[in-house]
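Biologist: Can you walk me through this one? I'd like the overall layout, then some details.

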Amino acid sequence: MIKVIWLLKRKPGMSKEAFREHYESSHVMLAHQYVGHLLEGYHRNYPVEGWLAPSSKREDGVVEPFEYEYDCITEMRIKDEAAADEMLQIFNDPVIGKIFVDDEHRFLDRKKVVMLTCDEVNNGTGTGPLAPSKEELAARAPVLAH
């Protein structure tokens, strides 16, 4: 599987609400229509508040707010390399590609869009169905010198 993270910024002058409405009702629908069959997951994350990491709190104990730049952090999980190649062909199609680009001009600050391909690591944190057993965790735990 290939994981792609998109950092998306709305067009200048567009409200966060209008950005989200357009993305969900138009661009997401285009993605489902044209490349949905190639995806294992397609998640949109809309930041509400930003804070500096609690480990970076001031000496007086205050954790400071952080002004974040991006309006949406999108995660796409693409099935495999063959699916990624097919997706690229679809986006490069002169007709379909233009549909996506025209829609992007309606809501995105395209010069600020960032695409990251990622290696995802799951070290078993949490208790969900993908978490390793206690025995697996014990086998992975480093032995600490005393």
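Modeller: Sure. Keep in mind that this is a predicted model. Helix 2 (residues 81–92) is a good place to start: it lies across strand 1, strand 2 and strand 3. Its direction makes an angle of about 120 degrees with strand 3.

Biologist: And which strands does helix 1 lie across?

Modeller: Helix 1 covers residues 16–35 and lies across strand 1 (2–8), strand 2 and strand 3. It runs at about 175 degrees to strand 2.

Biologist: Step back a bit. How many helices and strands are there?

Modeller: The protein has four helices and four strands. Read from the N terminus, the elements go β-α-β-β-α-α-β-α.

Biologist: What order do the strands take in the sheet?

Modeller: The order is 2-3-1-4. The sheet is open, and its four strands pair antiparallel.

Biologist: Which strands are at the edges?

Modeller: Strand 2 (39–45) and strand 4 (114–118). Each of these pairs on one side only.

Biologist: How many degrees are neighbouring strands turned against each other?

Modeller: On average, 15 degrees, ignoring direction.

Biologist: Take me across the sheet, then. What joins strand 2 to strand 3?

Modeller: Six bridges, with the two strands antiparallel. Strand 3 spans residues 72–78. Across this pairing, His-43 stands opposite Glu-75 in strand 3.

Biologist: How many bridges link strand 1 and strand 3?

Modeller: Seven, again antiparallel. Here Trp-6 faces Thr-74 of strand 3.

Biologist: And how many between strand 1 and strand 4?

Modeller: Five bridges, also in the antiparallel sense. Lys-3 stands opposite Cys-118 in strand 4.

Biologist: Is strand 1 mostly covered or mostly open?

Modeller: Mostly covered. Six of its seven residues are buried.

Biologist: You mentioned Thr-74. Is it buried or exposed?

Modeller: Thr-74 sits in strand 3. Its relative accessibility is 1%, so it counts as buried. The cut-off for buried is under 20%.

Biologist: Which side chain makes a polar contact with Thr-74?

Modeller: Tyr-23. The two side chains are joined by a polar contact of 2.8 Å.

Biologist: What else is Thr-74 in contact with?

Modeller: Leave aside neighbours within four places in sequence. The contacts then include Val-4, Ile-5, Trp-6 and Leu-8. Tyr-42, His-43 and Arg-44 are also among them.

Biologist: New topic: rings. How many aromatic pairs does the structure hold?

Modeller: Five. One of them is Tyr-34 with Phe-100, with ring centres 5.9 Å apart.

Biologist: Why is that pair called edge-to-face?

Modeller: The ring planes of Tyr-34 and Phe-100 are at 65 degrees, so the pair is edge-to-face. Planes over 60 degrees apart count that way.

Biologist: Where do Tyr-34 and Phe-100 lie?

Modeller: Tyr-34 is in helix 1, and Phe-100 is in helix 3 (residues 94–107). The pair therefore ties together parts that are 66 residues apart in sequence.

Biologist: Is Phe-100 buried or exposed?

Modeller: Buried, with a relative accessible area of 6%. Phe-100 also forms an edge-to-face pair with Phe-91. That pair is 5.0 Å centre to centre, with 85 degrees between the planes. Phe-91 counts as partly exposed, at 30% relative accessibility.

Biologist: Which residues make up a ring cluster?

Modeller: Phe-19, Tyr-23 and Phe-107, linked by ring pairs. Tyr-23 is the polar partner of Thr-74 from before.

Biologist: Let's try a loop. Where does Asp-109 lie?

Modeller: In the loop between helix 3 and strand 4. Asp-109 counts as buried at 17% relative accessibility.

Biologist: What does Asp-109 touch?

Modeller: Lys-9, Arg-10, Lys-11 and Pro-12, not counting residues up to four places away in sequence. Its C-alpha atom is 7.8 Å from that of Leu-8, although the two residues are 101 apart along the chain.

Biologist: Last one, for the protein as a whole. What percentage of the residues is buried?

Modeller: Of the 146 residues, 30% are buried. The accessible surface comes to about 10,400 Å², and 55% of it belongs to carbon and sulfur atoms. Now take contacts between residues at least 6 apart in sequence: 74% of these join residues at least 24 apart.

Definitions and conventions: Residues are numbered from 1 along each chain as its sequence is written. This is a predicted model: local features need pLDDT of at least 70, side-chain atom pairs count only at pLDDT 80 or more; totals for chains, interfaces and linings use all residues. Side-chain values use heavy atoms; hydrogens and water are left out. Two strands pair if DSSP finds at least two bridges between them. Axes are lines fitted to C-alpha atoms, for helices over the stretch in contact, and angles run from 0 to 180 degrees between N-to-C directions. Contact means heavy atoms within 4.5 Å. Buried means under 20% relative accessible area, exposed over 50%, partly exposed in between (1.4 Å probe, protein chains only). Accessible areas come from the Shrake-Rupley method with a 1.4 Å probe; for residues, only the protein chains shown count as cover. A polar contact is a pair of N or O atoms within 3.5 Å; within protein, one must be able to donate a hydrogen and the other to accept it, and residues adjacent in sequence count only if both atoms are side-chain atoms. Rings of Phe, Tyr and Trp (its six-membered ring) pair if their centres lie within 6.5 Å; planes under 30 degrees apart count as stacked, over 60 as edge-to-face and the rest as tilted.
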